[in-house]
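Here is a short briefing on one protein model. Please keep the sequence and the 3D view open as you read.

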Amino acid sequence: MKKLRVIPLGGLREIGKNMAVVEYGNDMIVIDAGLTFPDEDMPGVDSVIPDISYLEKNRDKLRGILLTHGHEDHYGAVPYVLKKIETNVYCTRLTGGLLENKFKEHGINPSVIKYVKAGDTLRLGELDCEFIRVAHSIPDACAIAVHNPVGTVLFTGDFKFDFTPIDHEQTDLHRLAELGEEGVLALYSDSTNVERPGYTMSERSVGDTFKRIFANTTGRLIVATFASNLHRVQQIIEAAEANHRKVALSGRSMLNNVAVASELGYLRVKKNTIVDIKDVQNLKDDQVCLLITGSQGEPMSALSRMANGSHRQIEVGDNDTIILSASMIPGNEKSIGDMINHLMARGCKVIYSSLMNVHVSGHACQEELKLMHSLVKEEYFIPAHGEPRMMITHKKIAEDLGIPDDHILMGENGMVFEFERRGKKVSVNTGEKVQAGQILIDGLGIGDVGSVVLNDRKRLADDGMIALVVTIDKKSRRVVAGPEVISRGFIYMKDNIDVIEEIKKIVVQIFKDAERRNITDWAFLKSRIREEVKSYVYKQMQRNPMILTIIMETEGKYVLQ
C-alpha cells in the first residue's frame, strides 16, 4: 500500500507562517499558506512566507491549496505561491473574498479560487478533503479532514468552542464526534492558546463590555482592533448603532475587510451607519465611533498617527475615549506602551484588556483542547501552530489524556511524518526531512533578501558606513581627485576632521605604494584600503562600520590630495 506523508513547511515551533503538505502516492495537497511578520532582526523586510522549494520540485503532484480561514497567517502567502506554481485554491466564501482583494494587488486571476461550504467534501486525486465548521474570531472558519486509505488526518485550523458565537455557527461537535467513531489516524492541532487554563470566553462577553462603555461615554469613541477579527467588528458596529453613533473607518485593511464582509453578507450593518472619515468633523462627539487599525502600535497605523499628531483627518484630545480591543502580541509591548503614553499625554482616556474585558481570544484554551482530543480520539497527535513551549505544554496535556508518548509526534518544519498501513496496524517514520525555512518579502522582491543582505542591513543600522571615492588617471595610474570620505550613520564629519584626514592619508599612502610597486589590481587595492581603514577606525573609536571603496578612472592632471 502507498504511504501517507504529512509535512509541515511552516507553523511548527513558531506563530504564523502556517503551511502543511499531505501526500499520498502521486497526489499532494497543501493545507493553508500563511505568512508572518518580521522581527527586529529583519530590517526592511515586509513579511515572511514559508520556503516552498519542496512544492516547486513536486508541482506535478500538487492538486490544490486548501484554506481553513481568512487570517493572514493562514492565507497571506497564497499570492506568492501562485506566482511560482499553478494550482487551484479551495476555500469558503469569505476567505475567498478576502483573497480576491489580495489577487487584485498582485495581478492574479481570481478564477483559480474554487468555493466550498462547511460540510462539503472534495475529491482531489485519491484524497477526500472534508471541510468542517469551527468557531473562531472570523466567520467561515473550517477544520479540514483528509480521508485516504491509510487513515484520516484532521487539521483543526484555528478554533475554539464558543457556544454563543456571533454568527450562530458553532464548532461542529457532532461531526467531530462522528470522525472519532469512524477513526482518526492523526490530529494536527492548534496549540496557540494552550498555556491558558479553562475555557476561552465567548466573543459575546466582549460585546456586553462594549455596550456598557458606549452607553456611558459622552465624548468621541475610537476603537482599535485587528481588521481581520470580523466578529469583533460586528459587535463594535452593533454597540455604535444601539447608541446612535455613526461609524467611520480608518486603515487600509479595515476599509477593505469591512467592504468585502459587508458585500458578502458576513457583516450586518444598518443603512447610513458607516460614514466617510472626512464627515466626522460635521458630527457631535457623542455621535462618533472611529473603527481603526493600530492596536499593536504599528508605526504607520491609524492609531499611531493619531498618537503622534500626524493623522491627516483626526486630532485626538481630552474628549476622546480610546479602546484597544486586541491582545498584545509578544514583542510589541514597548511600541504599544509608548503609543498609550502618547495618547494619554494628549488627554485621551485609554482602555485596554488589563483594565476591562475588551478582548477575548479566538483560540482554544486547555479545557477546549482536551475536548477536541476526547471527541476525535486520534491514534497519533501532532502539536502545531505554536512556539516550542506551547507544543511541549500541549504534549503534556495529550499525555494526561492517555495518548502514549510514542504516539505524540513532536516535529519541526520540514520533518516528514510518514504513515504506512500494514493490515489493521499503522507504523510511523519520522527520519526524513525536506527543505523548509523562510522566504523574506521586501517590496516586490520575493526571496532576494537573504542572510548576507540582512547582515549588511544590521551592520549599517548598528555602525553606519564610510564611502571612500578615489579618481585615478587612466594612463599614469595616479590619484587625480580625492580621496573623498563620505560618512553615513558613523560619525558627524565636521566634529571629526582629524579622523577624516587620517583616513585620507591612509588611502593616499596605499596608492603611492601601489604606484611604486606597479600594482594595478583594483580589487587588491580595494581590499587593502578596507582592511587598513577598518583597523584604524576600530583602534580609534571601537566601531566597525561598513566600508565601501569606489575607484574611478579618468584622464586628467595629477592632483594628489
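**Lys526 and its surroundings**

Lys526 is in contact with Thr549 and Ile551, leaving aside its neighbours within four places in sequence. This is a predicted model. The points below take Lys526 further, then turn to an open sheet, a helix that packs on it, two buried residues and the cysteines.

- Lys526 belongs to helix 15, which covers residues 522-541.
- With a relative accessible area of 28%, Lys526 is partly exposed.
- In sequence, Lys526 and Ile550 are 24 residues apart. In space, their C-alpha atoms are 7.9 Å apart.

**The open sheet**

- Eight strands make up an open sheet, and their pairing is mixed. The order is 7-6-5-3-2-1-20-21.
- Strand 7 and strand 21 (425-429) stand at the edges. Each has a single partner strand, so one side of each has no neighbour in the sheet.
- From one strand to the next, the twist averages 20 degrees.
- Strand 2 (residues 19-24) and strand 3 (residues 27-31) run antiparallel and are joined by five bridges.
- Within this pair, Val21 stands opposite Val30 of strand 3.
- Helix 4 packs on the sheet, where it touches strand 6 and strand 7. The direction of helix 4 makes about 165 degrees with that of strand 7.

**Helix 4**

- Does the length of helix 4 agree or disagree with its residue count? Helix 4 has 14 residues (93-106), which should span 20 Å at 1.5 Å a residue. The expected span takes 1.5 Å times one less than the number of residues. The end C-alpha atoms are 20 Å apart, so the two agree.
- Which residues of helix 4 are buried? They are Leu94, Thr95, Gly96, Gly97, Leu98, Leu99, Asn101, Lys102 and Phe103.
- These buried residues pack against several helices: helix 2 (72-75), helix 3 (78-82), helix 7 (230-242) and helix 8 (252-263). They also pack against strand 6 (89-91) and strand 7 (113-115).
- Gly107 follows helix 4. Its phi is positive, near 70 degrees.

**Leu66 in strand 5**

- Leu66 sits in strand 5, residues 62-66.
- Leu66 is buried, and its relative accessible area is 0%.
- Beyond its neighbours within four places in sequence, Leu66 is in contact with Ile29, Val30, Ile31 and Asp32. Its other contacts are Tyr90, Leu124, Cys129, Phe131 and Ile144.
- Leu66 and Val116 are 50 residues apart in sequence. Their C-alpha atoms are 9.9 Å apart in space.

**His147 in strand 10**

- His147 lies in strand 10, which covers residues 142-147.
- Is His147 buried or exposed? Its relative accessibility is 17%. The cut-off for buried is under 20%, so His147 counts as buried.
- The side chains of His147 and Thr152 make a polar contact at 2.8 Å.
- Not counting residues up to four places away in sequence, His147 touches Glu126, Leu127, Asp128, Glu130, Thr152, Arg175 and Leu179.

**Cysteines**

- How many disulfides are there? The count comes to zero, by the rule that a disulfide is a pair of cysteine sulfur atoms within 2.5 Å.
- Cys129 is buried, with a relative accessible area of 0%. Cys129 is also one of the contacts of Leu66.
- Cys365 is buried too, with a relative accessible area of 5%.

Methods
Residues are numbered from 1 along each chain as its sequence is written. This is a predicted model: local features need pLDDT of at least 70, side-chain atom pairs count only at pLDDT 80 or more; totals for chains, interfaces and linings use all residues. Side-chain values use heavy atoms; hydrogens and water are left out. Helices (H or I, at least four residues) and strands (E, at least two) are DSSP runs, numbered from the N terminus. Buried means under 20% relative accessible area, exposed over 50%, partly exposed in between (1.4 Å probe, protein chains only). Contact means heavy atoms within 4.5 Å. A polar contact is a pair of N or O atoms within 3.5 Å; within protein, one must be able to donate a hydrogen and the other to accept it, and residues adjacent in sequence count only if both atoms are side-chain atoms. Two strands pair if DSSP finds at least two bridges between them. Axes are lines fitted to C-alpha atoms, for helices over the stretch in contact, and angles run from 0 to 180 degrees between N-to-C directions.
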